[in-house]
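Work through the exercises below with the structure in view. Try each task before you read its solution.

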Amino acid sequence: MHIADFVSGSFAGACGVAVGYPLDTVKVRIQTQKQFTGIWQCAVATLSKEGVHGFFKGMSLPVATISMTSSVVFGTYRNCLQCLSQARGAGCGPNTKLDVFLSGLAGGVAQISVMAPGDMVKVRLQCQTESMRGRVNSNMPKPKYRGPVHCLLSIIKEEGVTGLYRGAIPLMLRDGPSFGTYFLTYTTICEWLRGNDKRPSWGGVMLAGGLSGMVGWTLGTPMDVVKARLQMDGMRETKRYKGVRHCITETLRLEGVGVFYKSLGINCLRAFPVNMVVFVTYEILTGLLKADCVDPPRLGLE
C-alpha cells in the first residue's frame, strides 16, 4: 500500500483549490445563471456586487473535502498501478499506458462518495449571488445560506441526505474518463520530455501537469455543466429536470450544443495553474515522504 501517495495527494489537492477557486466560482456561475454572459462580465459583476469575498464563497468546505478526494484519487491511482503490475507477474515490464488510464479512471470514480456532498455545497454557495450585506440592509435580498455548514444542514433538512448526492452520476461520468485521460496525458508528456534522463525536470513536471489538466477538463466540461445544473435545480424554484438524461435533452433543446462548452475556456484557463501546482506539490511531498527527493518526479510509467 502506497500511503505516501494518499498524504501527498491530500496536500496537493488543497493547494490546487486555493489557486483555482476564484475562477471556479466564475465558471459555475456562467454554467448555471443566464445573467452572466462571459468570463469578464461575470468577474466584474461579482466584484462590484459582492466584493472579493464573492469569489471565495463556500471555499472552506471544498478545501477539506478536496484534500480527502485528492488523497483518494492519487492513492487509488498509485495502488491500482501496483495491483495491475502484480497481476501480470514479475518480468512483464513497466505499467502500460492502458494501466495508467484504467488506474486514473478508478481513482476518479472512487472519489465520488467523498466528493459529492462538498461539491454540492460549493456549487450552491458559489451561485448565491446575494451579498452578505443584504443581512444588514433590509432593502437588499438576503442570501439563503449563511455559510458551508448552514448550507449542508439546509440541504439535508429540505432534500434529505440524498440531496447531497444530486449530480453524483454526471460527476462520475465527468471524473472517471477525465482522470483516466488526466494521468495518461501527464505520464505521456513526462515520458516525451525526460529524453534519456530517468525522470523529467521540474519544468517538465509543471508543463505536463498544466497540460494534463487542460486535456482532462476539455473531456469533462459537458458533464460538468450537467452536474452543476442538477445541483442547482430546485434551489429557489420548482425543479426543472427529472434526471441526467432529461437535463441533457432539455438543455440541448433550449440552448443548443454550444452551452455544454460555454465554460470550456475558463476551465482550461483555471486548469493549467491549478494542476501545475497540484503535480509539483505531489511530486515534492512524495519525494520527501519516500526519502528520494534527489530524483523526484515519480508519477510516470515506471
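## Exercise 1: The second largest pocket

The second largest pocket has a lining of 13 residues, and those nearest its centre are Arg166, Gly167, Leu230, Gly243 and Val244. Keep in mind that this is a predicted model.

**Task.** Find the volume of the second largest pocket, the helix that gives the most to its lining, and the classes of its lining residues.

**Solution.**
1. Start with the volume. The second largest pocket holds about 160 Å³ of space.
2. Look for the top contributor. Helix H7, residues 168-194, gives the most to this lining, with three residues.
3. Sort the lining by class. Seven residues are nonpolar, two are polar and four are charged.

## Exercise 2: The largest pocket

**Task.** Describe the largest pocket: its space, its central residues, its helices and its classes.

**Solution.**
1. The space in the largest pocket is about 490 Å³.
2. Its lining has 21 residues, and Thr32, Gln33, Met232, Glu237 and Arg240 are the closest to the centre.
3. Now turn to the helices. H1 and helix H8 (202-232) each supply at least two lining residues. H1 gives the most, with three residues.
4. Finish with the classes. The lining of the largest pocket divides into five nonpolar, seven polar and nine charged residues.

## Exercise 3: The cavity

**Task.** State how many cavities of 30 Å³ or more the structure holds, then describe the largest cavity.

**Solution.**
1. Count first. The structure holds one cavity of 30 Å³ or more.
2. Take the volume of the largest cavity. The value is about 660 Å³.
3. Go to the lining. It has 34 residues, with Ile66, Met115, Phe179, Trp217 and Arg270 nearest the centre.
4. List the elements that give two or more residues to this lining. They are H1, helix H3 (60-88), helix H5 (112-126), H7, H8 and H10.
5. Sort by class. The lining of the largest cavity has 13 nonpolar, 12 polar and nine charged residues.

## Exercise 4: Two helix crossings

**Task (a).** How are H1 and H2 oriented, and which residues meet?

**Solution.**
1. Place the helices. H1 spans residues 3-32 and H2 spans residues 39-50.
2. Read the geometry. H1 and H2 pack at about 110 degrees, and their axes are 10 Å apart.
3. Classify the angle. The range from 65 to 115 degrees counts as roughly perpendicular, so H1 is roughly perpendicular to H2.
4. Name the contact. From H1 come Val26, Arg29 and Ile30; from H2 come Ile39, Cys42, Ala43, Thr46 and Glu50.
5. Sort the contact of H1 with H2. Five residues are nonpolar, one is polar and two are charged.

**Task (b).** Do the same for H5 and H6: give the angle, the orientation and the contact.

**Solution.**
1. H6 covers residues 148-159. The axes of H5 and H6 come within 10 Å and cross at roughly 105 degrees.
2. H5 and H6 are therefore roughly perpendicular to each other.
3. H5 brings Met120, Val121, Arg124 and Leu125 to the contact, while H6 brings Pro148, Cys151, Leu152, Ile155 and Glu159.
4. By class, the contact of H5 with H6 has seven nonpolar, no polar and two charged residues.

## Exercise 5: Links across the chain

**Task (a).** Describe the aromatic pair of Tyr182 and Phe279.

**Solution.**
1. The structure holds 10 aromatic pairs.
2. Tyr182 and Phe279 form one that is tilted, with 5.2 Å from centre to centre and 40 degrees between the planes.
3. Place the partners. Tyr182 is in helix H7 and Phe279 is in helix H10, residues 264-289. They are 97 residues apart, so the pair links distant parts of the chain.

**Task (b).** Where does Leu289 sit, and which residues does Leu289 touch?

**Solution.**
1. Leu289 belongs to helix H10.
2. Leaving out residues up to four places away in sequence, Leu289 touches Ala4, Val7 and Ser8.
3. Check one partner. Leu289 and Val7 are 282 residues apart in sequence, and their C-alpha atoms are 8.9 Å apart in space.

Technical notes: Residues numbered from 1 in each chain as written. Predicted model: local features only at pLDDT ≥ 70, side-chain atom pairs only at ≥ 80, totals over all residues. Heavy atoms only, no water. Axes fitted to C-alpha atoms, helices over the stretch in contact; angles between N-to-C directions. Helix = DSSP H or I, 4+ residues; strand = E, 2+ residues; numbered from the N terminus. Parallel < 35°, antiparallel > 145°, perpendicular 65-115°, else oblique. Contact = heavy atoms within 4.5 Å. Nonpolar A, V, L, I, M, F, W, Y, C, P; charged D, E, K, R; others polar. 1 Å grid on protein atoms, 1.4 Å probe; cavity = no way out; pocket = protein on both sides within 12 Å on 5 of 7 lines; lining within 4 Å. Points joined across faces, edges and corners; volume = space filled by probe spheres on them. Phe/Tyr/Trp six-rings, centres within 6.5 Å; stacked < 30°, edge-to-face > 60°.
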